[in-house]
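Biologist: Please show me how to read a metal site and a pocket in a model like this.

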Amino acid sequence: MTLQTRFLDLKARLAEIHDLTRVSSLLGWDQAVTMPPGGAAVRAEQMATVGRIAHERLTSPDIGRLLDGLAGYEASLPYESDEASLIRVTRYDYERARQVPTELRTEMTRVASLSRHAWASARASSDFGAFLPFLQQTIDLKKRYVDCFEPAAEPYDVLLDEFERGLPTSEVRAIFTQLKQAIVPLIAAVADRAEAVDDRCLYGHFPIPQQREFCLSVLRRFGYTDDGWRFDPTAHPFATNMGLGDIRLTTRYYEDNIAVSVFGSMHECGHGLYEAGIAPSLERTPLCRGTSLGIHESQSRLWENLVGRSRAAWTCFLPELKAAFPGQLDSVDLETFYRAINKVKPGLIRVEADELTYGLQVVLRFELEQEMLSGAFPLAELPDAWNARMKSYLGVDVPDVASGVLQDVHWSLGYVGYFPTYVLGSIASAQIWDKALAAMPDLSAQIARGEFSPLREWLRQVLHRHGRKFTPKETLQKVTGSDTFDVGPYVGYLTKKYSEIYELR
Ligand code: ZN
């Protein structure tokens, strides 16, 4: 077999595996968006079957032989080439997947699908007991998964690595400690001046059809196209894709609050833009997705906050929002609206948290995940542990599990180790923003004029197009010149923004 034939053989096999993962995504999207509840049990089997076939194909000895045979070819190619990157990343995936028995991988997929369904109804009835057996199963499976690998410094390292390759728990802990030291005093200073910002304009009666239309008008300016994207309601917003020309965004609406759907949509759009911006040459390969969840969240958090919660963006959007809800916001000026969308209000719900308290929402989940894994308390006591930490970190009393420990979908899906990436992404978003400003000194003025394509195209050029060719650290290095999540720019951004809004000295 020539090297070229061997490479094409590998690529064809990977394309089929990629097809199977996209089929899984479609089944998952359908389950969260359109499937009637009666489909849950069979859907879990379908997802398990597709997942099993994909895992069997990836871990097949044929893949190992092809990779071995291509080692010389890889070495002869530039590191940055699509071909060398495909071989390199596949070797990483192959070696990792080989550690996990197909039976375990299949069971994890099956339980995740059943558990997602159980979570949705437990959350709707605010009944932790109904979800507990599924959580127990999930954590037990996670422990078995951790045991598949060489012992790491901490068991949590193995789980974190799934979402943020190459970043150990100890490093995340150090980053979070630094962040806490900076934001806790800032939150306290803002709390003393809580009355300085009035956000009543965000509450009222906002009919959902008009909310959807307004959100769509924002998304279209960001880069959403009607022939390449979809936008649907769901219980817990997410973004996914079935291909570079088929990006799916979801959001949720509250009729009495305009902020949740708008900022949620902007967030998911940031994920969508990352995936839509991947080079078409990477389609149907394992390189055709974001390099890590932390880098992914840097994009969602950038569009949601650095762009979405800026004065510049609302210079453009506020007149359109007023037109969408005639008579309701007539007396609201730009400054009042800008302050309202940035009001700091320690609250119950992570995805609705302001930028300042958001970090603490994540820190408490990061800590609880490690404790669940180590068995620090019986899982039945998780709501108590959750509520106690909410009280201590945010001063908030949790009235029920639906707005407490059951609010997020992640643990039902087996996504343990995912939450830290939200804060890592927020940190990276500020590092990337600094670079964007240096490259485009006119950026704020462009945004105020409703011109978002220069930013989007810059991001595509420096980041999106690479997909998963490079590790998260390599990718961060390419964009920012540093391969570390540096808290400095993020803390600087938060301090400047909130000192101004709350007129702190
Ligand atoms: Zn996100």
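Modeller: Donors are N, O and S atoms within 2.8 Å of the metal (3.2 Å for Na, K and Ca), and sites may look incomplete because water is not among the atoms. This is a predicted model, where local features need pLDDT of at least 70 and side-chain atom pairs pLDDT 80 or more, while totals for chains, interfaces and linings use all residues. Residues are numbered from 1 along each chain as its sequence is written, and side-chain values use heavy atoms, without hydrogens and water.

Biologist: Which residues coordinate the zinc ion, and at what distances?

Modeller: His-267 and His-271 each bind through NE2, and Glu-297 through two OE entries, at 2.1 to 2.6 Å. The donor residues follow the spacing H-x3-H-x25-E. His-271 lies in helix α11 (residues 259–276) and Glu-297 in helix α12 (residues 293–307), so this pair ties together parts 26 residues apart in sequence. Helices here are DSSP runs of H or I, at least four residues, numbered from the N terminus.

Biologist: Are His-271 and Glu-297 buried or exposed?

Modeller: Buried means under 20% relative accessible area, exposed over 50%, and partly exposed in between (1.4 Å probe, protein chains only). His-271 is buried at 9%, and Glu-297 is buried at 0%.

Biologist: What is the lining of the second largest pocket made of?

Modeller: Ala, Val, Leu, Ile, Met, Phe, Trp, Tyr, Cys and Pro count as nonpolar, Asp, Glu, Lys and Arg as charged, and the others, Gly among them, as polar. A pocket is an open set of points on a 1 Å grid over the protein atoms alone, where a 1.4 Å probe fits, with protein on both sides within 12 Å along at least five of seven lines; lining residues have an atom within 4 Å of a point. The lining has nine nonpolar, four polar and six charged residues, and α21 gives the most, with six residues.

Conventions
Helices (H or I, at least four residues) and strands (E, at least two) are DSSP runs, numbered from the N terminus.
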